[in-house]
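Biologist: Could you take a close look at the salt bridges in this protein for me, and then place them in the wider structure? I would enjoy one connected walk-through.

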Amino acid sequence: MKTEAVLYVPSDTPEAMVMATRKVAGVPLIVRGIMTLARAGVERCTLLIAQTQREQIARFLLRYRPSRLPTIDIITYDEPYRVSPEIVRTIGETLGEKTLLINANLLFEKELARLLRKEALAGKGMLLCREGVHPLPIYAVTRPAWMALEAFAEARPRSIESCLNHLLDITTTRVVQKPAEMNTFLLAKPQDRMVAEKHLSEAIRHSTSGPVARYINKRISLPASLILAKLWISPNVITGVNIIIGIFSGVFVADGHSYDMILLGAILFQIASIVDGCDGEVAKLTFRESKFGQYADTLCDNLSLASFIIGMIAGYWRHTHSPIAFLVGGWLIVTAGITLFWMVRYLKQHTQSASLVTYDKEFLQHLTGQPRWLILFIKYGKYTLKKDVFSFMFLCFAIFGVLYSWLFISAIGTTFGAIILTYLNAQTMRKKADATAPASAGAKMGESA
């Protein structure tokens, strides 16, 4: 296995060198680079660091399971933090035909690393990435280009920045423009860490599709998630706490008589909706996303929702003593179950995700061959089934003392959801059956011949 990326600690200033091991949202910058490369598919990388940083980096990497990490080679600078011919040779012996050279202080996305890895290079070639007219400290070089540094470092030890400038002078350099949607941020001094954390938070917020989540919930959950990430709180612990909040929301809503108790239940459900974002945000910020976490988050959502719905059924019955509460509530549970069934079925058959958000991104947002009115109805109607929207509406109705009317509104919404998803999945299954029928018929004709 050849080295596919080299993360180097800049040595041009002491301040920049120290930044590589400073934590941003609970994770040292250089470890962020390692985990981002791992997500981009890099299986082996080399760290070019100061000797004093070695133990701290190795100790922090122990927080992650080995299966999540690429194979890591650690090479330390010669004193005083300079590149020697021996370092050039040592790194060069492990390089493949092309490798990435990345400043450890650069925040970048996995898509950018994948983009540069796909670019073809030959001979003594080098890729320079730019954002507009500004060069970014992320490059791709061929092995012959890297080995040309050996003679350059022979005269005297060089800084890594001098080596990169020399490569730009002697190689055939090609420029790649960074796509605008890919975020990067270079940290040069300690004061940049707060800006970097804001940068990471805003990237998460803008990737959120729900209107209430993006403009209300995330503005509360993200600052809390940054604190939790710095404290290294497990995302699964946050999920467990959220389950308790969600269950108690249903208990208070079931009161049926006290305005204060019903309102408290609605407030707790809104809090659960906000905290629901924290576990995923902490997992993203600290690279601790897992399949188990996705299942736990989905379970938490459904338990909270089930508790609240059962609480509304019980509360409406206690308030009116009418059997309509059980009839409408039962219908709501059945249609919600059908809707959830189709979503989970798609996730298990077509994705590796256990998050219901993936169903929207992978299926609903790519619908084709349907009437325009149906696509528009799904595009805007799906927001009423998003937790951030209906939890906020629950709170608004509770404030005005008419929360239980949502029992009927929810039953209507889930009925539409169940009908539409059943129709779409029936169409999908019919198309698959039609596609496999000619192949089966052809195979039978071949056997009979």
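**Salt bridges and their surroundings**

Modeller: Gladly! The side chains of R117 and E4 come together in a salt bridge, with 2.4 Å from N to O. R117 belongs to helix α5 (residues 110-118) and E4 to strand β1 (residues 3-8), so this pair ties together parts that are 113 residues apart in sequence. R117 itself is partly exposed, at a relative accessible area of 28%. Please keep in mind throughout that this is a predicted model.

A second pair to look at is E289 with R39, whose side chains also form a salt bridge (2.4 Å, N to O). Here E289 sits in the loop between α12 (259-286) and α13 (291-320), while R39 is part of helix α2 (residues 29-39), so the contact links parts that are 250 residues apart in sequence. Both partners can be placed on the accessibility scale: E289 is partly exposed, with a relative accessible area of 32%, and R39 is partly exposed as well, at 31%.

Now turn to a pair within one helix. The side chains of R59 and E55 meet in a salt bridge at 3.5 Å, N to O. These two residues are 4 apart in helix α3 (residues 54-61), which means that about one helical turn separates them. R59 has a relative accessibility of 47% and therefore counts as partly exposed. E55, with a relative accessible area of 58%, is exposed. Elsewhere, salt bridges with shared partners join E86, R89 and E150 into one network. Over the whole structure, a search finds 16 salt bridges.

To put those pairs in their setting, here is the overall frame. The protein has 18 helices and 11 strands, and its C-alpha trace spans about 90 × 75 × 40 Å along the principal axes. Of its 449 residues, 49% count as buried. For a sense of distance inside that frame, take A325 and N183: they are 142 residues apart in sequence and 50 Å apart in space, C-alpha to C-alpha. A325 is found in helix α14 (residues 324-350), and its relative accessible area of 0% makes it buried.

The loop just mentioned with E289 leads to α13, and the loop between α13 and α14 holds a residue with a backbone worth checking, H321. Its phi is near 55°, a positive value in a residue other than glycine. Most residues other than glycine have a negative phi. H321 is exposed, with a relative accessible area of 57%. A25 also has a phi near 55°, again positive in a residue other than glycine. A25 lies in the loop between β2 (23-24) and β3 (27-28). Its surroundings can be read from its accessibility: A25 is buried, with a relative accessible area of 0%.

From charged pairs and loops, let us move to a nonpolar part of the surface. I244, I247, F248 and V251 form a nonpolar patch there, and together they have about 360 Å² of accessible area. One of them, F248, is found in helix α11 (residues 235-253). At 44% relative accessibility, F248 counts as partly exposed.

Finally, there is open space to explore. Rolling a probe the size of a water molecule over the atoms shows where empty space is left. The second largest pocket has a volume of about 270 Å³. Its lining consists of 16 residues, and D12, N103, P137, E161 and L186 are the ones that lie nearest the centre of the pocket. The elements that give two or more residues to this lining are β9 (134-142) and α8 (160-170). Helix α8 supplies the largest share, 4 residues. Sorted by class, the lining of this second largest pocket has 10 nonpolar, 4 polar and 2 charged residues.

If you go back to the salt bridges with all of this in view, a good way to start is with the two pairs that tie together separate parts of the sequence: R117 with E4, 113 residues apart, and E289 with R39, 250 residues apart. Then compare them in the viewer with R59 and E55, which are 4 residues apart in helix α3.

Conventions. Residues are numbered from 1 along each chain as its sequence is written. This is a predicted model: local features need pLDDT of at least 70, side-chain atom pairs count only at pLDDT 80 or more; totals for chains, interfaces and linings use all residues. Side-chain values use heavy atoms; hydrogens and water are left out. Patches are made of residues with over 30% relative accessible area and no salt bridge: like charges are joined within 9 Å, nonpolar side chains (Val, Leu, Ile, Met, Phe, Trp, Tyr) within 5 Å. Accessible areas come from the Shrake-Rupley method with a 1.4 Å probe; for residues, only the protein chains shown count as cover. A salt bridge is a side-chain nitrogen of Lys or Arg within 4 Å of a carboxyl oxygen of Asp or Glu. Buried means under 20% relative accessible area, exposed over 50%, partly exposed in between (1.4 Å probe, protein chains only). On a 1 Å grid over the protein atoms alone, a cavity is a set of points where a 1.4 Å probe fits but cannot get out, and a pocket is an open set with protein on both sides within 12 Å along at least five of seven lines; lining residues have an atom within 4 Å of a point. Grid points are joined across faces, edges and corners, and a volume is the space filled by probe spheres set on the points. Ala, Val, Leu, Ile, Met, Phe, Trp, Tyr, Cys and Pro count as nonpolar, Asp, Glu, Lys and Arg as charged, and the others, Gly among them, as polar.
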